[in-house]
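Subject: Structure handover and notes

Dear colleague,

Please find the structure below. My notes on it follow.

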Amino acid sequence: MAYTRPGAVKVNLSLEGGSFRNKTGSHVEADTFGAGLSLAYKAETSISEFTYGAFIEAGTGSYNTYNEFINLGRLLGDGDARYFGGGLFAHNAFSNGLYLEGSVRGGSIKNDYKVEETFGANYDTTNAYWGAHGGLGAKLALTDAGLLDLYGKLFWTRTDSDSVSNSARNDRIEFDAVDSLRTRLGGRYTHGYANGTKLYVGAAWEHEFDGEAGGRVNDIRITNPPSLKGSSAFAEAGVSLAPGENYSIDLGLFGVAGQQRGLGGTVGLKLEF
């Protein structure tokens with residue numbers, strides 16, 4: 001399968017932030033901000049357009065937690081988290097509108113966490129994280145200017161376990177590894193205009209199959225650990241501006257409701273050479 005055109009280099013800078021809450025008996029509330037930078041190479045063949053590349057990602061967030069322990073009762077905590085990592089990705093778009101995509105990632109998360117003063121505990125942990133995703137979709141031209149993207153995606157992420165000691169109380173705290181397995185089924189409609197501007201709206205259904213953050217204190221299990229397990233509805237809207245021939249600026253808003261709820265926004269800059 002020979003390349004039919006010279007390849008192009010694509011650079012993408014993205015920023016994302018928001019405030020979210022998982023509404024369970026035990027819950028986590030978080031305010032997050034993240035950034036990503038990717039470098040990709042795009043080449044066209046006789047049957048498809050293939051894009052592959054690498055990315056780095058970093059972010060920070062603050063959160064509040066609620067847990068219950070046997071013999072210890074209710075414990076409230078709060079903390080700050082920072083992460084840094086990177087990965088590889090690929091996207092193959094066929095001439096008939098179908099496409100396949102996937103990625104792998106890895107990095108490190110640092111947590112500074114403290115439990116309410118009655119427990120007197122402060123912890124600093126550093127954990128590795130790993131992840132992968134795969135997806136397939138179809139882009140359907142509804143009109144000359146309107147494009148509908150229907151997709152299904154599967155995301156897996158794992159954060160390694162860790163353990164710390166509370167010298168003030170002589171307690172041993174063990175945090176289980178956290179596995180997240182999440183699906184997203186949805187669609188996005190994009191409408192283009194003659195000046196290069198594009199408007200989009202989208203909706204999706206998400207389901208988390210795991211996402212439980214369990215642990216032990218002196219071998220006593222958490223009785224009601226925080227979990228993201230459940231379904232949520234996702235909605236998005238935004239605009240892509242193309243003030244120049246080789247670059248565009250994307251602005252978007254999104255919201256989540258259901259098992260997880262919250263609001264967020266995105267800003268992106270795309271360059272192509």
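R158 and D160 form a salt bridge, with their closest N and O atoms 3.9 Å apart. The cut-off for such a pair is 4 Å, so the 3.9 Å between R158 and D160 falls within it. Both side chains belong to partly exposed residues: R158 has a relative accessibility of 30%, and D160 has a relative accessible area of 26%.

Please bear in mind that this is a predicted model. Mean pLDDT for the protein is 86, and 81% of the residues reach 70 or more. Broken down by element, the highest mean pLDDT belongs to strand β11, at 97. The lowest, 61, belongs to strand β13, which covers residues 220–221.

Salt bridges

The count of salt bridges comes to 13. Besides R158 and D160, they include the pair D112 and R82, whose closest N and O atoms are 3.0 Å apart. D112 sits in strand β5 (residues 98–115) and R82 in strand β4 (residues 73–94), so this salt bridge ties together parts that are 30 residues apart in sequence. As for solvent, D112 is partly exposed at 25% relative accessible area, and R82 is likewise partly exposed, at 34%.

Another salt bridge is made by the side chains of D250 and K270, at 3.4 Å from N to O. This pair links distant parts of the chain, 20 residues apart: D250 is in strand β15 (residues 247–258) and K270 in strand β16 (residues 260–272). Is D250 buried or exposed? Its relative accessibility is 18%, and because buried means under 20%, D250 counts as buried. K270, its partner, is partly exposed with a relative accessibility of 40%.

There is also a network: K42, E49 and E272 are joined into one by salt bridges that share partners.

E206

E206 is located in strand β11, which runs over residues 198–208; β11 is the element with the highest mean pLDDT, as noted above. The relative accessible area of E206 is 8%, so the residue is buried.

Which side chains make polar contacts with the side chain of E206? One is the side chain of R182, at 3.5 Å. Another is the side chain of R184, at 2.3 Å. With neighbours within four places in sequence left aside, the residues in contact with E206 are R182, T183, R184, G230, S231, S232 and F234. R182 and R184 thus appear both in this list and as polar partners of E206.

A237

A237 belongs to strand β14, residues 230–244. A237 is partly exposed, at 35% relative accessible area. Residues up to four places away in sequence not counted, A237 touches Y200, V201, L251, G252 and L253. Of these, L251 and its neighbours G252 and L253 carry numbers that fall in strand β15 (residues 247–258), while Y200 and V201 carry numbers that fall in strand β11 (residues 198–208). L199 is 38 residues from A237 in sequence, and the C-alpha atoms of A237 and L199 are 7.7 Å apart in space.

Where to look

If you open the model at a few places only, these would be my suggestions: the salt bridge of D112 and R82 between strands β5 and β4, the salt bridge of D250 and K270 between strands β15 and β16, and buried E206 with its polar contacts to R182 and R184.

Regards

Key:
Residues are numbered from 1 along each chain as its sequence is written. This is a predicted model: local features need pLDDT of at least 70, side-chain atom pairs count only at pLDDT 80 or more; totals for chains, interfaces and linings use all residues. Side-chain values use heavy atoms; hydrogens and water are left out. Helices (H or I, at least four residues) and strands (E, at least two) are DSSP runs, numbered from the N terminus. Buried means under 20% relative accessible area, exposed over 50%, partly exposed in between (1.4 Å probe, protein chains only). A polar contact is a pair of N or O atoms within 3.5 Å; within protein, one must be able to donate a hydrogen and the other to accept it, and residues adjacent in sequence count only if both atoms are side-chain atoms. Contact means heavy atoms within 4.5 Å. pLDDT is the predictor's confidence in each residue, from 0 to 100.
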